[in-house]
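This report is meant for a reader who is meeting the structure for the first time. Please look over the sequence and the structure shown here before reading on.

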Amino acid sequence: MSDFIRPSVKTSIPGDKSRSIVEQDNLYGITATKVFPVAIKKGKGIVLEDEDGNIFYDFTSGVGVCNTGHCHPHVVEAIKNQTEKLMHFAGTDYYYMAQSRLMERLSKKAPGTNKKRVFFTNSGTESVEAAIKLARYKTKRPQFLAFIGAFHGRTMGALSLTASRAVHKEGFQPTMPGVEHVPYAYCYRCPYNLEYPSCNMECLHKIESFYLKKVLSPYDVAAFFVEPVQGEGGYIVPPKEFLPGIKALCEKYGILYVSDEIQAGFGRTGTFFACENWNIVPDIICSAKGMGSGLPIGCMIADEELNYPHPGCHSNTFGGNPVCCESSSATMDVIENENLLENAKKLGNHMHQGLLDIQKKHPMIGDVRGIGLMQAIEIVKDPKTKEIDPDSRDRICEEMLHMGMITIDCGPSSIRFIPPLIIKKEEMDIALEIIEKAVANVEKH
Ligand SMILES: Cc1ncc(COP(=O)(O)O)c(C=O)c1O
């Protein structure tokens, strides 16, 4: 049996030491999206310790970032080594090895036989902005397609593609013009009230037969932005025909297929890039979050044919920062050397089955869905009416927190489970026990 630590919460939350940090933050930080009043002091693997000595399992991976676990020794060593040599030298303007070798590695890792080009960014939203600009530049087309429920980021271009919660846009309109949203394949709540597979993929066909006939012309569309698994929108995994169908549609009309792998990529779903699950070769891949195991790095990977014709079209200052690049190369080493894709598949299936077993006993879990270590449950008032129950969802998250498991919501009524990909079976079993207890406690009251 391997070594592992159990979660243990001994103080109220927040404990005294955490409380003062939380109060300071609440006083001076601009209001953002805080989830729980816990101040974390350190992390190792899947374990986080707060300022008061409470031990938690991190089932968020720092919201999809620490796929190799917190402070993986190989990643830490790579960062330390690079920090002593060179911390910055404007990677878009000059050359250094940390950047060029990561470019080559990512370009060769991306699916498809065509050569790829890499542009480094500092965040997911910046990767999406880079893709918006490149798509407009190369196709000379003005419009974009994205899905209802999508989350692509919060800067004005990316925000215009986002359609997961109205609050993201409220007060910020107008966003970038030229974006149309179409329904995603959310089978648990089918937008057309049909059932898979007898639906014959109505949601896919309607995009062409309705939206591209009535709402906008396909010949005006530069790119279709697609999350292979809708993340913030509720961890929605489409049926197997959906994404290949969207890709075929894009090819038919010369629309670029952009796979937003910012949350689902870097091993999370059991393949390196999530699009590989459906054998899709995107024109552009956007990545970030899990790329650097915690250091801020993202990228846009584009087909060679899409390369800019001359310097100056697009650039930035911090993209390809040498320390972040080394962190990302080390992250790729760990994914390869520790068979994390295999572990994501194996423990993802184990978790999925565990959640289905819990669902059988607790009808407030309306749906269990996910792929690899990107799993979620949707909480409902009644499994027949499927009425959403965000209050119970929030209480379940609160219960889990008090039992030592940090999670985060998604969609109107769901909870996502995205532990680091290094998680062990014993740790997963403890987490499943906590989930079941939390659901049972909320169900009782
Ligand atoms: C699919 C997806 N795209 C884009 C983003 C934006 O990334 P960032 O917060 O790094 O700007 C996110 C963040 O949650 C995301 O999940």
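The sections below go from the whole chain to its core, its sheets and some local details.

## The chain as a whole

The model described here is predicted, and its chain is made up of 12 helices and 15 strands. Taken along the principal axes, the C-alpha atoms of the chain fill a box of roughly 60 × 60 × 45 Å. A compact globule of 445 residues would have a radius of gyration near 22 Å, and the chain, with 22 Å, agrees with that expectation.

Buried residues make up 50% of the 445 residues. Among the contacts in the chain with a separation of 6 or more, 74% are between residues that lie 24 or more positions apart.

## Domains and the nonpolar core

The chain is divided into domain 1, which consists of residues 7-28 and 38-58, and domain 2, which covers residues 74-337. The C-alpha centres of domain 1 and domain 2 lie 33 Å apart.

The largest nonpolar core holds 122 residues, and the members that touch the most other members are Ala131, Phe224 and Val258. Helix H12, residues 425-444, gives this core its largest share, 7 residues, and both domain 1 and domain 2 contribute at least three residues each. What does Phe224 touch, not counting residues up to four places away in sequence? The contacts of Phe224, counted in that way, are Leu145, Ile246, Cys250, Ile255, Tyr257 and Val258.

## A sheet of four strands and its helices

An open sheet of 4 strands follows the order E11-E12-E15-E14, and the pairing in it is antiparallel. Strand E11 (365-371) and strand E14 (408-410) stand at the edges, where each has a single partner strand, so one side of each is left without a neighbour in the sheet. On average, and with direction ignored, neighbouring strands of this sheet are turned by 30° against each other.

Within the sheet, strand E12 (residues 374-379) runs antiparallel to strand E15 (residues 414-417), and 4 bridges join the two; in this pairing, Ala376 stands opposite Arg416 in E15. Helix H10, residues 340-361, packs on the sheet and touches E11, E12 and E15, with a direction that makes about 175° with that of E11. Helix H11, residues 390-402, lies across E12, E14 and E15, and runs at about 35° to E15.

## Strand E4 and Lys116

Strand E4, residues 116-121, has 5 of its 6 residues buried, so this strand is largely enclosed by the rest of the structure. E4 pairs with strand E10 (residues 298-303) in the antiparallel sense over 6 bridges, and Arg117 stands opposite Ala302 in E10.

Is Lys116, a residue of strand E4, buried or exposed? Lys116 counts as buried, because it has 21 C-beta neighbours inside 10 Å and a residue needs 20 or more to be placed in that class. Not counting residues up to four places away in sequence, Lys116 touches Ser107, Ala110, Ile301, Ala302, Asp303 and Glu304. Lys116 and Lys425 are 309 residues apart in sequence, and their C-alpha atoms are 37 Å apart in space.

## Local backbone details

Two peptide bonds that lead into prolines deserve a look. The bond that joins Gln173 and Pro174 is cis, with omega about 0°, and Pro174 is found in the loop between helix H6 (156-161) and strand E6 (179-182). The peptide bond from Tyr196 to Pro197 is also cis, with omega near 5°, and Pro197 has its place in the loop between E6 and helix H7 (202-215).

A positive phi can be seen at Tyr235, where the value is about 55° although the residue is not a glycine. Tyr235 lies in the loop between strand E7 (221-226) and helix H8 (242-253), and with 26 C-beta neighbours inside 10 Å it counts as buried. Lys386, another residue other than glycine, has a positive phi near 60° and is placed in the loop between E12 and H11. With 15 other C-beta atoms within 10 Å, Lys386 is partly exposed.

Definitions and conventions
Residues are numbered from 1 along each chain as its sequence is written. This is a predicted model: local features need pLDDT of at least 70, side-chain atom pairs count only at pLDDT 80 or more; totals for chains, interfaces and linings use all residues. The radius of gyration is taken over C-alpha atoms; the globule rule is 2.2 Å times the number of residues to the power 0.38. A residue is buried if 20 or more other C-beta atoms lie within 10 Å of its own, exposed if 12 or fewer, and partly exposed in between; C-beta atoms are placed from the backbone. Two residues are in contact if their C-beta atoms, placed from the backbone, lie within 7 Å. A nonpolar core is a set of buried Ala, Val, Leu, Ile, Met, Phe, Trp, Tyr and Cys residues joined through C-beta atoms within 7 Å. Domain bounds come from an automatic or database domain assignment. Two strands pair if DSSP finds at least two bridges between them. Axes are lines fitted to C-alpha atoms, for helices over the stretch in contact, and angles run from 0 to 180 degrees between N-to-C directions.
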